[in-house]
Amino acid sequence: SIKPSKKASIIIPVNNRPEFIVDAIKSAQKQTIQDIEIIVVVNGGKDDPTNQSVRRFMQNGNKYSSDKPDVRLITTDINNIGFCLNLGVKNALGKYYIQLDSDDRLKSNAVEKIIQKFESDSTIGMVIGSYEVWEKLDSGEIIRDKNIPVVTHSEWTEKNGRNNLLRINGAGAPRAIPIQLIKDIGYFEMNENPFARNYGEDYDMVLRISEKYRIGRIYDPIYKVIRHSGGTDHSIDQDTIMRNDEAKDWMRKEAIIRRQAMNK
């Protein structure tokens with residue numbers, strides 16, 4: 001297996017988001033901890049225009065700087081988010097995986113706070129942060145949606161953390177996991193669930209990790225979720241919402257069966 005040579009690997013799965021990926025990468029490169037790498041997994045094949053945007057940050061690109069964290073590009077034509085995350089994990093040089101969606105941004109202290117949380121308690125198997133909701137206007141400007149407070153999932157307490165995900169549909173963001181633990185647990189879900197369609201691949205992972213480890217929480221906002229007209233989480237039809245709920249119900253059912261076996 002690959003010996004970690006970086007503190008963290010920020011892995012970004014993406015399909016056809018050439019205009020968003022630039023700001024996502026910039027936010028990853030501005031971290032207060034610079035001993036990291038950014039792995040972008042483009043799943044739209046070699047003709048996906050996102051590839052060109054990513055190459056601008058690599059050697060010979062007009063946004064490349066040897067002083068900034070490395071940006072690595074993996075291109076595949078398999079549009080499966082779990083598969084992309086697993087591809088990134090298998091190639092990662094970091095000790096920790098840190099989530100970044102292609103249309104979102106990390107705050108500059110995100111990696112530092114995540115690593116501090118892991119190092120504070122050896123029983124933590126995953127760290128989950130809190131996020132602000134921002135909106136991208138037609139002008140391209142992004143503004144904070146002041147009507148939505150920081151999303152902390154504060155119902156997830158020290159006492160109920162192990163069982164919390166059996167009750168709610170979301171775990172919060174960004175999520176971070178030791179790379180070796182992802183490998184040990186069997187990688188991210190890849191639509192094996194009968195209802196999953198590029199949805200809930202990391203929800204399954206949180207369930208599995210919370211069965212055996214503590215979930216470390218950061219209640220300060222360290223992530224910006226950007227809402228926009230093309231966002232998959234915010235502009236979906238009712239049939240998709242229902243199928244997504246079915247997918248998470250299935251994962252919870254499987255988790256309860258595993259826990260019953262563990263508790264015997």
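## A walk through the strands, cores and pocket

Let's start in the sheet: strand 6 and strand 8 are paired, running antiparallel, with two bridges between them. Pairing here asks for at least two DSSP bridges between two strands, while the elements themselves are DSSP runs counted from the N terminus, with helices (H or I) of at least four residues and strands (E) of at least two. Please keep in mind that this is a predicted model, in which local features need pLDDT of at least 70 and side-chain atom pairs count only at pLDDT 80 or more, whereas totals for chains, interfaces and linings use all residues. Residue numbers run from 1 along each chain as its sequence is written, and side-chain values rest on heavy atoms, leaving out hydrogens and water.

Strand 8 is a good place to linger. On its strand 6 side, V127 stands opposite A176. Strand 4 is also joined to strand 8, by three bridges in the antiparallel sense, and here I98 has A176 as its bridge partner. A176 therefore appears as a partner of I98 in strand 8 and also stands opposite V127. What do the side chains of strand 8 do? R175 and I177 point one way, A176 and P178 point the other way, and all are buried, where buried means under 20% relative accessible area, exposed means over 50%, and partly exposed is in between, with a 1.4 Å probe and protein chains only. Such a pattern is familiar, because side chains in a regular strand alternate between the two faces of the sheet.

Just before this strand comes a backbone detail worth finding on screen. A173 and P174 are joined by a cis peptide bond, with omega at about 0°. P174 sits in the loop that connects helix 5 (161-164) to strand 8 (175-178).

Now follow strand 6 over to strand 9. Strand 6 (residues 124-136) pairs with strand 9 in the parallel sense, over 10 bridges. Strand 9 (residues 214-227) also pairs with strand 5 (residues 105-106), this time antiparallel and over two bridges. Which residue of strand 9 is the bridge partner of R105? For R105 it is K224, and K224 is the bridge partner of E132 as well.

What fills the interior? The largest nonpolar core has 38 residues, and I10 and V40 have the most contacts inside it. A core of this kind is a set of buried Ala, Val, Leu, Ile, Met, Phe, Trp, Tyr and Cys residues joined through side-chain atoms within 4.5 Å. Many elements feed this core: strands 1 (6-14), 2 (36-42), 3 (70-75), 4 (94-99), 6 and 9, together with helices 1 (18-29) and 4 (110-120), each supply at least two of its residues. Apart from it there is another core, of 28 residues, with W156, F188, V206 and I215 among them. Back in the largest core, I10 has contacts (heavy atoms within 4.5 Å) that include A28, I36, I38, I98, L106 and V111, once its neighbours within four places in sequence are set aside.

Next comes the second largest pocket, with a volume of about 190 Å³. It is lined by 13 residues, and E189, E192, N193, D204 and R208 are the closest to its centre. A pocket, on a 1 Å grid over the protein atoms alone, is an open set of points where a 1.4 Å probe fits, with protein on both sides within 12 Å along at least five of seven lines, and lining residues have an atom within 4 Å of a point. Grid points are joined across faces, edges and corners, and the volume is the space filled by probe spheres set on them. Helix 7 (201-210) and helix 8 (238-263) each give at least two residues to the lining, and helix 8 gives the most, with four.

D204, in helix 7, deserves a closer look. Is D204 buried or exposed? D204 counts as buried because its relative accessibility is 9%. Beyond its neighbours within four places in sequence, D204 is in contact with E189 and M251. In helix 8 you can also find M242, which is partly exposed because its relative accessibility is 47%. M242 and F195 are 47 residues apart in sequence, with their C-alpha atoms 9.7 Å apart in space.

Finally, check two backbone angles. N16, in the loop between strand 1 and helix 1, has a positive phi of about 55° although it is not a glycine. Y187, in the loop between helix 6 (179-185) and helix 7, also has a positive phi, near 70°, and is likewise a residue other than glycine. N16 counts as partly exposed because its relative accessibility is 46%, and Y187 is partly exposed with a relative accessible area of 23%.
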